[in-house]
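Work through the following exercises with the sequence and the model open beside you. Try each task on your own before reading the solution that follows it.

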Amino acid sequence: MKVNLKFIYTCICLSIIQIRAVAQPYQTAVLQRVLTKLYDANSQFKKDKPTIAFKNTLIQVAGYVPKQNLILFEEKAYQICQSMGNDSLNAMAFLLGHELTHFYQHSQTKVGFITNFLSYDKTQKSSLSLEKEADIQGAFNAYLAGFEVDNNISTLLDKVYTTYQLKGKILSGYPVFEERQRTAKEVQEKVRQLIDVYETGNWMLAMEQYDFARLCYEYVARVYQNREIYNNLGVLAAFSATNWAGENQDALILPYQLDWETRLSPKKSRGTQTQDATQAQQRMDLLQKAKSYFEKAADLDKNYVPARINQICVLVQLGDVSAAESIYKKNKNRLNGIPLAFAKLALANNSNLLKELTQHSYTPISELAKYNLAILNKENTGLETSPCAIDFNPTEIDGVKLNRLPESPTLTIDADRKARLSIQKKTNSIVVQARMNGYQFAFQRVKQRLPNAISNISKQSVLTNVGILERCETEHLVFRFNKDKELIEWVRYYGE
């Protein structure tokens, strides 16, 4: 009698939800905590977070059941993750991140089949593209949530195929081990690339290379969209708009919030240009684009504070103060402590409120308030411009001369603008080359603690949720301090 293996396999998958759950509250709680971190990092809250079902089957490792909004996780898979010691949570994050991506795929495309991590693209109605997307987005999601999965995927797959006795076998419905490992290698390379481009975008922001920063975020957004990327794209558009401001326009510094930083100072050209109609329209278009990005970020997460502050900022910049005040009132309960003070600062267009904020205990807020108060009163702002007050003489690291870098393999991040990146990891540093339409920019990141360095707020500073970035324009240097004011990383840059 001929057996229809596909039919049997489908029946097994459809019956999974009927299999008795193992009563393991501790393991389920651990998985749920990992899933919560992934869900929060992804920041797409339009659909309720899936629940976890812990199973004693030996069929699929993990899977997603759309009709029940349920992620299945097998007991044996949990034991495999545990066997990885310090990387146990990282392994769980990759498996759960893969299935969480299927959850998002279902909410967008309504593909209603039950997924199976083990059978990968062999599941009925699944495809290699959907599964690779689940691997890539799941791994990048894990990175954003603070897990380290980059070097653990191959080890995890090796253990899975060994435990489930699939090594060296060719079975209908299951990809062979070598095929899955090739896919894993491709996924790891793509995830490393996304992480490198994402971090390059962050540093480009600090060095006011806004075009490169925007292209970096847009490159990542083609694969992975979340609130931070939309928020950062909005901030970049708002910063770019100041370059088209007329005299006395955008004179006050608005506390725009990046996902991990607050921009303290505008570009030097702000408010000094003679503005014609075309420039005025360019400024308006960029501000409207920024407004749209902030709305997308806030729509993904109603409680995302930076997007709310940025909505207030851009509405003030657009001259719609009443709408900005409305956003403030609707979100006042979400904006407590320092975020509330930043929101007040965005709305502060009178001397009395600014005087109150100059007494704030958080130095960045008090300094911004002093600056804006001086602008309103047409007085000296009092903020230093350059050079930085850091006594530092950088030595040559890894033999790198930024103005003499050789051509190296490049990644195209925007074909139309001929924008390319080259990211090389050396012994003691990371070197980034960027090219676009004939313009070249390069920088070198060096992780080095210098306990004697001192940070000072200046017009070149960038405030972050983990410390401060101090940019020394005259010396082409950027220093990153932690909250304890310790210098933990520095960058030197060169452009031509």
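**Exercise 1.** Does arginine 227 count as buried or exposed, and why?

*Solution.* Keep in mind from the start that this is a predicted model. Begin by placing the residue: arginine 227 lies in helix H9, which covers residues 227–241. Next, take its relative accessibility, which is 17%. Buried means under 20% relative accessible area, and therefore arginine 227, at 17%, counts as buried. Finally, look at its side chain, which is joined to the side chain of glutamate 228 by a polar contact of 2.8 Å.

**Exercise 2.** Compare asparagine 69 and asparagine 437: where does each lie, what is its phi, and is it buried or exposed?

*Solution.* As background, most residues other than glycine have a negative phi. Asparagine 69 has a positive phi of about 45° although it is not a glycine, and asparagine 437 likewise has a positive phi, near 50°. As for their places, asparagine 69 sits in the loop between strand E2 (62–65) and E3, while asparagine 437 sits in the loop between strand E7 (430–436) and strand E8 (439–446). The last step is accessibility: asparagine 69 has a value of 15% and so counts as buried, whereas asparagine 437 has a value of 52% and so counts as exposed, the cut-off for that class being over 50%.

**Exercise 3.** Describe how strand E1 is covered and how it pairs with strand E3.

*Solution.* Strand E1 spans residues 51–55, and 4 of its 5 residues are buried, so that the strand is mostly covered. Turning to the pairing, E1 and strand E3 (residues 70–74) run parallel and are joined by 5 bridges. One of the partnerships can be named, since phenylalanine 54 has phenylalanine 73 in E3 as its bridge partner.

**Exercise 4.** How do strands E6, E7 and E8 pair with one another along the chain?

*Solution.* Start with E6 and E7, which pair in the antiparallel sense over 6 bridges and form a hairpin with 4 residues between them. In this pairing, arginine 420 stands opposite arginine 435 in E7. Continue with E7 and E8, which are also antiparallel and share 7 bridges, with glutamine 433 standing opposite alanine 442 in E8. The hairpin of E7 and E8 has 2 residues between the strands, and asparagine 437 takes its positive phi there. E7 itself is mostly covered, with 6 of its 7 residues buried.

**Exercise 5.** Which residues line the second largest cavity, and which elements supply them?

*Solution.* The structure holds 3 cavities of 30 Å³ or more, and the second largest has a volume of about 60 Å³. Its lining consists of Asp196, Glu199, Thr200, Trp203, Ile423, Lys425, Ile430, Val432, Phe443 and Arg445. Sorted by kind, these residues divide into 5 nonpolar, 1 polar and 4 charged. Sorted by element, at least two come from each of helix H7 (177–206), strand E6 (419–425), E7 and E8, and the largest share, 4 residues, comes from H7.

**Exercise 6.** What span does helix H8 reach, and how many of its residues are buried?

*Solution.* Helix H8 (residues 210–221) has 12 residues and reaches 16 Å from its first C-alpha to its last, close to the 16 Å expected at 1.5 Å a residue. It is mostly covered, since 9 of its 12 residues are buried, among them Tyr210, Phe212, Leu215 and Tyr219.

How values were computed
Residues are numbered from 1 along each chain as its sequence is written. This is a predicted model: local features need pLDDT of at least 70, side-chain atom pairs count only at pLDDT 80 or more; totals for chains, interfaces and linings use all residues. Side-chain values use heavy atoms; hydrogens and water are left out. Buried means under 20% relative accessible area, exposed over 50%, partly exposed in between (1.4 Å probe, protein chains only). Two strands pair if DSSP finds at least two bridges between them. A polar contact is a pair of N or O atoms within 3.5 Å; within protein, one must be able to donate a hydrogen and the other to accept it, and residues adjacent in sequence count only if both atoms are side-chain atoms. The expected span of a helix is 1.5 Å times one less than its number of residues. On a 1 Å grid over the protein atoms alone, a cavity is a set of points where a 1.4 Å probe fits but cannot get out, and a pocket is an open set with protein on both sides within 12 Å along at least five of seven lines; lining residues have an atom within 4 Å of a point. Grid points are joined across faces, edges and corners, and a volume is the space filled by probe spheres set on the points. Ala, Val, Leu, Ile, Met, Phe, Trp, Tyr, Cys and Pro count as nonpolar, Asp, Glu, Lys and Arg as charged, and the others, Gly among them, as polar.
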